[in-house]
Amino acid sequence: MKVITAIFIMSISLYACGSRHIPMPTKTYGDEVSCKGRVLVTYATRAGSTIDIADSISFCVSQQGYVVDLMHVSSVENLSDYSTIVIGSAIRMGNVTPEVKRFVQTNKEALQDKPTAYFIACLTLHEDTPENRAKVKDYLIPLREIVTPFAEGYFAGKMDYAKLKPFSRFAAKRMVKAPEGDFRDWEDIRRWSTTLLTH
Ligand SMILES: Cc1cc2nc3c(=O)[nH]c(=O)nc-3n(C[C@H](O)[C@H](O)[C@H](O)COP(=O)(O)O)c2cc1C
């Protein structure tokens, strides 16, 4: 009976939390022949808005003369080909996604040897105030403690309640009090990406 109850609770939790199924794209941008180096842009998302930000970063970096591989953290097999690594996460309940934290922890040695940058998508920045900037900087503390990045990007994300499962919708509305809308500032994302590798 206990086992059946446990399975029932786990099934309900899996159904109610998280987001509806999102495809996780893998792409390559840039010209292999004349490139200055190979860059990895890797991400984890719940509702998908971080993917579009990662995609925009990848395209902009490729325009600076690099080949850029874009993929979900679970698809990354080898970091040795890359001269720079950019890691992006959605923010949920004040935290980066567990899979991004695991990725940084697992690849700590390799990442410490290469220029590594972080970016996040969150809703706190739907109002870009000094207080909110200070708050979102703290979201990256757990990653910063593992590997120190050379750059950090803080971007406003998107909230679409229809894409969320019941518990996430409840948490976003009642606990985070996140407003609905697409707050991604593509100009800001492009500006950050274009200057990223000019260090
Ligand atoms: C359940 C839930 C919790 C969230 N918690 C936070 C939070 O603590 N701080 C924040 O700034 N944004 C929070 N957000 C907003 C997301 O970070 C934002 O919608 C982001 O764009 C999501 O990225 P994704 O679409 O790639 O999953 C939350 C969203 C949801 C659904």
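In this predicted model, the ligand is surrounded by 24 residues, the closest of which are Thr45, Ser49, Thr50, Ile91 and Thr124, where a residue counts as near a molecule or strand if one of its heavy atoms lies within 4 Å of it. Residues are numbered from 1 along each chain as its sequence is written. Because the model is predicted, local features need pLDDT of at least 70 and side-chain atom pairs count only at pLDDT 80 or more, whereas totals for chains, interfaces and linings use all residues, and side-chain values use heavy atoms, with hydrogens and water left out. A polar side-chain atom of Ser49 lies 2.6 Å from an oxygen atom of the ligand, and polar backbone atoms of Gly94 and Ala121 lie 2.7 Å and 3.3 Å, respectively, from an oxygen atom of the ligand. A polar contact is here a pair of N or O atoms within 3.5 Å; within protein, one atom must be able to donate a hydrogen and the other to accept it, and residues adjacent in sequence count only if both atoms are side-chain atoms.

Ala121 belongs to strand β6 (residues 116–122), in which seven of the seven residues are buried, so that the strand is largely enclosed by the rest of the structure. Buried means under 20% relative accessible area, exposed means over 50%, and partly exposed lies in between, as found with a 1.4 Å probe on protein chains only. Helices (H or I, at least four residues) and strands (E, at least two) are DSSP runs, numbered from the N terminus. In a regular strand the side chains alternate between the two faces of the sheet. In β6, Thr116, Tyr118, Ile120 and Cys122 point one way, while Ala117, Phe119 and Ala121 point the other way. Strand β6 pairs in the parallel sense with β4 (residues 84–92) over six bridges, and six bridges also join β6 to β7 (residues 151–156), again in parallel; two strands pair if DSSP finds at least two bridges between them. Within these pairings, Ile87 stands opposite Tyr118, and the partner of Phe119 in β7 is Gly153.

The largest nonpolar core has 27 residues, and those with the most contacts inside it are Leu79, Ile87, Val104 and Ile120. At least two residues of this core come from each of β2 (38–44), β4, α3 (98–106), β6 and β7. Such a core is a set of buried Ala, Val, Leu, Ile, Met, Phe, Trp, Tyr and Cys residues joined through side-chain atoms within 4.5 Å. Apart from the largest core lies another, of 23 residues, among them Val41, Tyr43, Ile51 and Val68. When neighbours within four places in sequence are left aside, the contacts of Ile120 (contact means heavy atoms within 4.5 Å) include Ser89, Ile91, Val136, Leu140 and Phe155.

Helix α3 contains the buried residues Glu99, Val100, Phe103 and Val104. These four cover an arc of only 135° around the axis, which puts them on the same side of α3; the arc is that of the directions from the helix axis to the C-beta atoms. An α-helix has 3.6 residues a turn, so residues three or four places apart point the same way. The buried residues of α3 pack against elements including β2, β4 and β6, whereas the face turned away from the buried side carries the exposed residues Arg102 and Thr106. In helix α8 (residues 186–196), Ile189, Trp192, Ser193 and Leu196 are buried. Their arc of only 95° around the axis puts them on the same side of α8, and what covers them includes α2 (49–63), β4, β6 and β7. At the start of α8, a side-chain oxygen of Asp185 reaches to within 3.2 Å of the backbone nitrogen of Glu187.

Thr42, which lies in strand β2, is buried with a relative accessible area of 0%. The side chain of Thr42 reaches the backbone nitrogen of Val73 at 3.2 Å, and among the residues that Thr42 touches, not counting those up to four places away in sequence, are Met71, Ile87 and Phe103.

Positive phi values are found in two loop residues. Met93, in the loop between β4 and β5 (95–96), has a phi near 50° although it is a residue other than glycine, and counts as partly exposed at 47% relative accessibility. Lys177, in the loop between α7 and β9 (181–182), has a positive phi of about 55°, and counts as exposed at 63% relative accessibility.
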